[in-house]
Amino acid sequence: MVQKNKPNGPLTGWIEAGSELIAEQLSGVTEQINRQLDAQKKSFDELQQRGVRMDAHLRSSLSPSAVFANMEQLVKTSPLWSFVPSFTAKRDKREQQLDVLSAKVDVLVEQVALLAAKQAQEKAKAKQEAEASAKVKTKDVVEKVDSAVTAAKSASAETPEKPSRRPSTRKKTATSTPGARPRSVSSVRPKAR
């Protein structure tokens, strides 16, 4: 609702005009501050991007491999480098020796495999021969046992068997003197003296 009783005095007009003037100036200052803040933010972002690029560049240029490569390049460009002997010939010679040794090892592995196969074949053949000879031996043993059994039967039919003697239940001690009779050990106690 709008007030109908407004004082229209000169003082209120001046106050309204002054407040509008102050509000305009405040909005102008606020816009300038916002522009300055945006400009500072942009400059900080640009600095951050440049810093990231510089950091990556420094990391790549100061890494141990890069430093070593740079130092190697500097040394090779110096005139004294021609007096230093080359080590690549030794490396190539070692690689050739390793290749020769590798080939020899491969040949040895193949020979060992062939020898193992030959030994396995010989073992199988020996096993077959052993089984065959074992069959022949068992036949011979069976024939000998059969002949011994038949001979024993014929001998037992001719001679009567003697009754066997029962073994003694007493323990006997060994004699310490030659010619002495062995004494039997019994559970009887010796006589008291």
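These legends describe close-up views of a predicted model.

**View 1. Salt bridge between Asp55 and Arg59**. The side chains of Asp55 and Arg59 form a salt bridge, with an N to O distance of 3.2 Å. The count of salt bridges in the model comes to one. Side chains of opposite charge can pair when their charged atoms come close.

**View 2. Asp55 and Arg59 along helix H1**. Helix H1 covers residues 10-62. Asp55 and Arg59 lie four residues apart in this helix, so about one helical turn separates them. How exposed is each partner? Asp55 has a relative accessible area of 37% and is therefore partly exposed. Arg59 reaches 59% relative accessibility, which means that Arg59 counts as exposed, the cut-off for exposed being over 50%.

**View 3. Nonpolar surface patch**. Leu58, Leu62, Val67, Met71 and Leu74 together make a nonpolar patch of about 490 Å² on the surface. Which helices supply the residues of the patch? H1 and helix H2 (64-77) each contribute at least two. With three residues, H2 gives the most.

**View 4. Leu62 in the nonpolar patch**. Leu62 belongs to helix H1 and is one of the residues that make the nonpolar patch. Is Leu62 buried or exposed? The relative accessible area of Leu62 is 61%, so Leu62 is exposed by the cut-off of over 50%. Among the other members of the patch are Val67 and Met71.

Terms used
Residues numbered from 1 in each chain as written. Predicted model: local features only at pLDDT ≥ 70, side-chain atom pairs only at ≥ 80, totals over all residues. Heavy atoms only, no water. Salt bridge = Lys/Arg side-chain N within 4 Å of Asp/Glu carboxyl O. Buried < 20%, exposed > 50% of the residue type's maximum accessible area, 1.4 Å probe, protein only. Patch = residues over 30% accessible without salt bridge, like charges linked within 9 Å, V, L, I, M, F, W, Y side chains within 5 Å. Areas by Shrake-Rupley, 256 points an atom, 1.4 Å probe, with all protein chains shown as cover.
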